[in-house]
Amino acid sequence: MKRANRFNSLLSACTVAGAIALSGMILWQGNAWALGGEAAAVTLPAPTIDEPANASHSETAIFAGGCFWGVQGVFQHVKGVTGAVSGYAGGAAKTANYDNVSTGMTGHAESVAVTFDPTQVSYGALLQIFFSVVHDPTELNRQGPDSGTQYRSAIFPQSAAQQRIASAYLAQLQASRSFERPLMTRIESNAHFYSAEAYHQNFLTDHPDAPYIRINDLPKIKQLEQRFPTRYRPQPVLVNVNAR
């Protein structure tokens with residue numbers, strides 16, 4: 001369900017904490033803590049299988065872990081990441097827009113395409129951050145206050161090597177019982193990515209005082225800094241929305 005409609009439908013149960021007008025869209029922010037706050041970060045081992053060092057300075061990974069505002073915001077603060085774009089993956093091009101994806105009927109997940117320099121940060125390191133800080137991989141079709149298949153935990157490998165590394169890391173985490181509950185993360189083959197609307201880009205950076213961001217997403221940035229101090233950078237790499 002769309003965040004805007006979902007919070008409006010729950011006004012009898014929670015108080016409206018604020019509203020933001022963006023591109024003609026009103027995003028009502030309710031008391032998110034009444035519906036679930038940020039996921040607690042966990043300390044996880046690094047992948048035992050990772051990509052070998054090579055001469056390439058650009059690679060792309062696609063992750064889905066709930067609302068793309070927070071997923072994008074975390075990866076924008078990772079050293080070696082050269083770009084992180086909010087968008088949609090898992091469905092068809094004709095339904096790759098916020099109104100359609102928000103129905104939960106398109107097959108799309110809110111996703112982030114992360115472009116990175118593998119000589120500075122590996123795909124395996126991004127996976128470790130994804131599972132440790134970005135989201136709760138034990139949640140099925142939801143994250144925090146958001147529910148629906150569009151908020152599922154998913155990885156969309158862009159190569160056979162990424163497929164192998166992601167599958168191995170999932171098996172490694174399951175075998176080590178790093179989480180108290182089973183992992184719900186899916187590795188999906190429909191890897192085509194569609195950029196989201198401009199008003200979704202850089203949302204965490206542009207709207208740090210929005211109640212949804214303060215409660216659900218800003219703590220993840222602090223967790224990234226605390227748990228991965230050598231990979232954290234204070235200044236995020238932002239999307240140039242004027243160039244899109």
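What follows is a walk through the sheet, the nonpolar cores, the aromatic pairs and the salt bridges of a predicted model.

The sheet makes a handy starting point. It is open and built from six strands, in the order β9-β8-β3-β5-β4-β10, with mixed pairing. At its edges sit β9 (186-187) and β10 (193-195), each of which pairs on one side only. Strands of a sheet pair through backbone hydrogen bonds, either parallel or antiparallel. For β4 (residues 81-89) and β5 (residues 109-116) the arrangement is antiparallel, and eight bridges join the two. Within this stretch, Y88 of β4 stands opposite E110 in β5. Helix α2 (residues 68-75) lies across β3 (59-65), β4 and β5, and runs at about 165 degrees to β4.

Next comes the nonpolar packing. The largest nonpolar core counts 50 residues, and the ones with the most contacts inside it are F63, F75, Y123, L126, L127 and F131. Helix α4 supplies the largest share of this core, namely nine residues. F75 gives a good idea of how things fit together: leaving aside residues up to four places away in sequence, F75 touches F63, V81, A84, V114, L126, I129, F130 and V134. Another core lies apart from this one; it has 11 residues, including V85, A191, F193 and V239.

The aromatic side chains deserve a look of their own. There are eight aromatic pairs in the model. In one of them, the rings of F131 and Y169 have centres 5.8 Å apart and planes at 70 degrees; since planes over 60 degrees apart count as edge-to-face, that is what this pair is. F131 belongs to helix α4 (residues 123-134) and Y169 to helix α5 (residues 160-176), so the pair ties together parts that are 38 residues apart in sequence. Both partners are out of reach of the probe or almost so by the numbers: F131 counts as buried because its relative accessibility is 0%, and Y169 counts as buried at 1%. Ring pairs also link F131 and Y169 with F63, F75, Y123 and F130 into a cluster. Of these, F63, F75, Y123 and F131 turn up again among the residues with the most contacts inside the largest core.

On the charged side, the whole structure holds seven salt bridges. R181 and E139 meet through their side chains in one of them, at 3.7 Å from N to O. R181 is in the loop between α5 and β9, while E139 is in the loop between α4 and β6 (142-143), so this salt bridge ties together parts that are 42 residues apart in sequence. R181 counts as partly exposed, with 43% relative accessibility, whereas E139 counts as buried, with 17%. These two residues also belong to a network of salt bridges that links D136, E139, R142 and R181.

Helix α7 (residues 211-227) brings in salt bridges of a local kind. D217 and K220 form one, with their closest N and O atoms 3.6 Å apart. They are three residues apart in the helix, which means a separation of about one helical turn, and both are buried. K222 and E225 form another, with closest N and O atoms 3.4 Å apart. Here too the partners are three residues apart in α7, so about one helical turn separates them. K222 counts as partly exposed at 43% relative accessibility, and E225 counts as partly exposed at 31%.

Terms used. Residues are numbered from 1 along each chain as its sequence is written. This is a predicted model: local features need pLDDT of at least 70, side-chain atom pairs count only at pLDDT 80 or more; totals for chains, interfaces and linings use all residues. Side-chain values use heavy atoms; hydrogens and water are left out. Two strands pair if DSSP finds at least two bridges between them. Helices (H or I, at least four residues) and strands (E, at least two) are DSSP runs, numbered from the N terminus. Contact means heavy atoms within 4.5 Å. Axes are lines fitted to C-alpha atoms, for helices over the stretch in contact, and angles run from 0 to 180 degrees between N-to-C directions. Rings of Phe, Tyr and Trp (its six-membered ring) pair if their centres lie within 6.5 Å; planes under 30 degrees apart count as stacked, over 60 as edge-to-face and the rest as tilted. Buried means under 20% relative accessible area, exposed over 50%, partly exposed in between (1.4 Å probe, protein chains only). A nonpolar core is a set of buried Ala, Val, Leu, Ile, Met, Phe, Trp, Tyr and Cys residues joined through side-chain atoms within 4.5 Å. A salt bridge is a side-chain nitrogen of Lys or Arg within 4 Å of a carboxyl oxygen of Asp or Glu.
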